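Please open the structure in a viewer and keep the sequence at hand. The tour below proceeds by selection, and each stop states what is to be found there.

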Amino acid sequence: GLKWDEAQEIAELLAENHPGLNPLEVRFTDLRQWVIDLDEFDDDPSESNESLLEAIQMAWHELYQEEEDEE
């Protein structure tokens, strides 16, 4: 399963699950819960921290920007 430090893989799943959503508008509390709720996620929820969530958010934002540029 996915761990907190696998930001790119997590970001790809979040982008699929929340298409068109700007990740920079997502609160960290929501982001954290969405990651924990992923079927593929298999890590200790208490291990999350701001830097891990930020890495996920930035990876997701890159995907979001690529999607926007294609439209």
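Begin by selecting E47, which touches W4 and L52 when residues up to four places away in sequence are not counted. The model is a predicted one. E47 is placed in the loop between helix 2 and helix 3. Its relative accessible area is 46%, so E47 is classed as partly exposed. Add K3 to the selection: the C-alpha atoms of E47 and K3 are 9.5 Å apart in space, although 44 residues separate the two in sequence.

**The whole chain**

Now display the entire chain as a cartoon. How many helices and strands does the protein chain have? There are 3 helices and 0 strands, and the order of elements from the N terminus is α-α-α. The radius of gyration is 11 Å, close to the 11 Å given by the globule rule for 71 residues, so the chain is as compact as a globular protein of that length. Along the principal axes, the C-alpha atoms fill a box of roughly 35 × 20 × 15 Å.

Colour the residues by burial next. Buried residues account for 32% of the 71 residues. If the surface is switched on, the accessible area comes to about 4500 Å², and 41% of that area belongs to carbon and sulfur atoms. Of the contacts between residues at least 6 apart in sequence, 75% join residues at least 24 apart.

**The aromatic pair at W4**

Return to W4 and select F41 with it. The structure holds 2 aromatic pairs. In the pair of W4 and F41, the ring centres are 4.8 Å apart and the planes stand at 65 degrees; an angle over 60 counts as edge-to-face, so this pair is edge-to-face. The pair links distant parts of the chain, since W4 belongs to the segment before helix 1 and F41 to the loop between helix 2 and helix 3, 37 residues apart. Both W4 and F41 are buried.

**The nonpolar core**

Keep W4 selected and add I10, L14, L31, V35 and I56. Within the largest nonpolar core, which has 17 residues, these six touch the most other members. Helix 1 (7-17), helix 2 (28-37) and helix 3 (50-70) each supply at least two residues of this core.

Centre the view on I56. Which residues is I56 in contact with, leaving aside neighbours within four places in sequence? They are W4, A7, I10, A11, L14, L31 and V35.

**The buried side of helix 1**

Select A7, I10, A11, L13 and L14, the buried residues of helix 1. Looking down the axis, one finds that they cover an arc of only 165 degrees, which puts them on the same side of helix 1. An α-helix has 3.6 residues a turn, so residues three or four places apart point the same way. The buried residues of helix 1 pack against helix 2 and helix 3.

**Q57 and E25**

Finally, move to helix 3 and select Q57. Is Q57 buried or exposed? Its relative accessible area is 8%, so Q57 counts as buried. Apart from residues up to four places away in sequence, Q57 touches P23, L24, V26, F28 and L31.

Add E25, which lies in the loop between helix 1 and helix 2. With a relative accessibility of 62%, E25 counts as exposed. A distance drawn between the C-alpha atoms of E25 and Q57 reads 9.8 Å, while the two residues are 32 apart along the chain.

Terms used. Residues numbered from 1 in each chain as written. Predicted model: local features only at pLDDT ≥ 70, side-chain atom pairs only at ≥ 80, totals over all residues. Heavy atoms only, no water. Core = buried A, V, L, I, M, F, W, Y, C linked by side-chain atoms within 4.5 Å. Buried < 20%, exposed > 50% of the residue type's maximum accessible area, 1.4 Å probe, protein only. Helix = DSSP H or I, 4+ residues; strand = E, 2+ residues; numbered from the N terminus. Contact = heavy atoms within 4.5 Å. Rg over C-alpha atoms; globule rule 2.2 N^0.38 Å. Areas by Shrake-Rupley, 256 points an atom, 1.4 Å probe, with all protein chains shown as cover. Phe/Tyr/Trp six-rings, centres within 6.5 Å; stacked < 30°, edge-to-face > 60°. Arc of directions from axis to C-beta.
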